Amino acid sequence: MAADRTSLSKVVSDQIRGQILEGKFRPGERLVEDRLSADLGVSRVPVREALLGLSIEGLVRLEPRRGATVAEITPQIVAELVEVRALLEGQNARLAARRHDPEIVAELRETLKHGNEAAETGTPEQLARLNGEFHERLAEASRNSVLTEIMRSLRERTSIAFAINGRDRAREDWKEHAGILAAVIDGDEELAALLATRHVHKAAEAFARAHAAAANDAAD
């Protein structure tokens, strides 16, 4: 029975995580247990357990009396996350180029194709899902389970912030993804690492500009 409950909590956690990362729930938005229970067709217990787990991951914030909200990632937190993520994305791409798994490379090509299409006509949710898929598959290509696990948490937390970049950044994102993949296919470890590191920094710069513009609009 306990194992079944744990399994259900994980399923619920994965569903809520996906909705956060795809932008269905925005930073600062309340996550109401009753509503989530009804939407997901489960009791409040696995929802409560899922929200607790997501709070540990940094995706959800739990506060007394207010309950759960999607974590708001401040520019300072983004800067700190990026310092670490950029380094690890570089190492991840380096290992992917070194190990050059043909099966995962084929999957990355397919994701790249869909990503380029979504950059032109896709929804924000599609863009977020495909972006996550590309980076997740690149992590798989590194064949380092420890690095993959660490990267997943960093990537998810920064992706909440980077969602503000929107379509203006989408075309550049996928051009940069194409460059990283080309370096991986060529087995050029140094170039793959450089491009992956630069990619994270460029996304962070776009976030800083978008966040400043949003703050100025709010002040007006």
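Trainee: Which helix is R85 in?
Mentor: Bear in mind that we're looking at a predicted model. In it, the place of R85 is in helix α4.

Trainee: Is R85 buried or exposed?
Mentor: Let's go by the numbers. Buried means under 20% relative accessible area. R85 comes in at 4% relative accessibility, so R85 counts as buried.

Trainee: Leaving aside its neighbours within four places in sequence, what is R85 in contact with?
Mentor: Skip those sequence neighbours and you still get a list that includes F162. F162 is itself buried, with a relative accessible area of 14%. The full set for R85 is H135, M151, L154, R155, T158, F162 and V200.

Trainee: Which residues touch the most other members of the largest nonpolar core?
Mentor: As background, nonpolar side chains tend to be buried together in soluble globular proteins. Here the largest nonpolar core has 30 residues. Helices α1, α2, α3, α4, α7 and α9, along with β3, each supply at least two residues of this core. The members that touch the most others are I16, I20, L31, L51 and F162.

Trainee: And L31, what is it in contact with beyond its neighbours within four places in sequence?
Mentor: L31 is one of those core residues touching the most other members. Two more of them, I20 and L51, turn up among its contacts. Altogether, L31 is in contact with I20, F25, L36, L51, V60, A68, T69 and V70.

Trainee: How many aromatic pairs are there?
Mentor: For rings to pair, their centres have to lie within 6.5 Å. By that rule, the count is two.

Trainee: What kind of aromatic pair do F134 and W174 form?
Mentor: F134 sits in helix α6 and W174 in helix α8, 40 residues apart. Both F134 and W174 are buried. Their rings are 5.9 Å centre to centre with 75° between the planes. Planes over 60 degrees apart have their own label, so this pair is edge-to-face.

Trainee: What about F162 and F207, what kind of pair is that?
Mentor: This pair links helix α7, home of F162, to helix α9, home of F207, 45 residues apart. F207 is buried, with a relative accessible area of 4%. The centres are 6.5 Å apart and there's 50° between the planes. That angle is neither under 30 nor over 60 degrees, so the pair is tilted.

Trainee: Which residues make the nonpolar surface patch of about 310 Å²?
Mentor: Patch residues need over 30% relative accessible area. L62, in strand β2, is partly exposed at 41%. The patch is made by L52, I56 and L62.

Key: Residues are numbered from 1 along each chain as its sequence is written. This is a predicted model: local features need pLDDT of at least 70, side-chain atom pairs count only at pLDDT 80 or more; totals for chains, interfaces and linings use all residues. Side-chain values use heavy atoms; hydrogens and water are left out. Patches are made of residues with over 30% relative accessible area and no salt bridge: like charges are joined within 9 Å, nonpolar side chains (Val, Leu, Ile, Met, Phe, Trp, Tyr) within 5 Å. Accessible areas come from the Shrake-Rupley method with a 1.4 Å probe; for residues, only the protein chains shown count as cover. A salt bridge is a side-chain nitrogen of Lys or Arg within 4 Å of a carboxyl oxygen of Asp or Glu. Helices (H or I, at least four residues) and strands (E, at least two) are DSSP runs, numbered from the N terminus. Buried means under 20% relative accessible area, exposed over 50%, partly exposed in between (1.4 Å probe, protein chains only). A nonpolar core is a set of buried Ala, Val, Leu, Ile, Met, Phe, Trp, Tyr and Cys residues joined through side-chain atoms within 4.5 Å. Contact means heavy atoms within 4.5 Å. Rings of Phe, Tyr and Trp (its six-membered ring) pair if their centres lie within 6.5 Å; planes under 30 degrees apart count as stacked, over 60 as edge-to-face and the rest as tilted.
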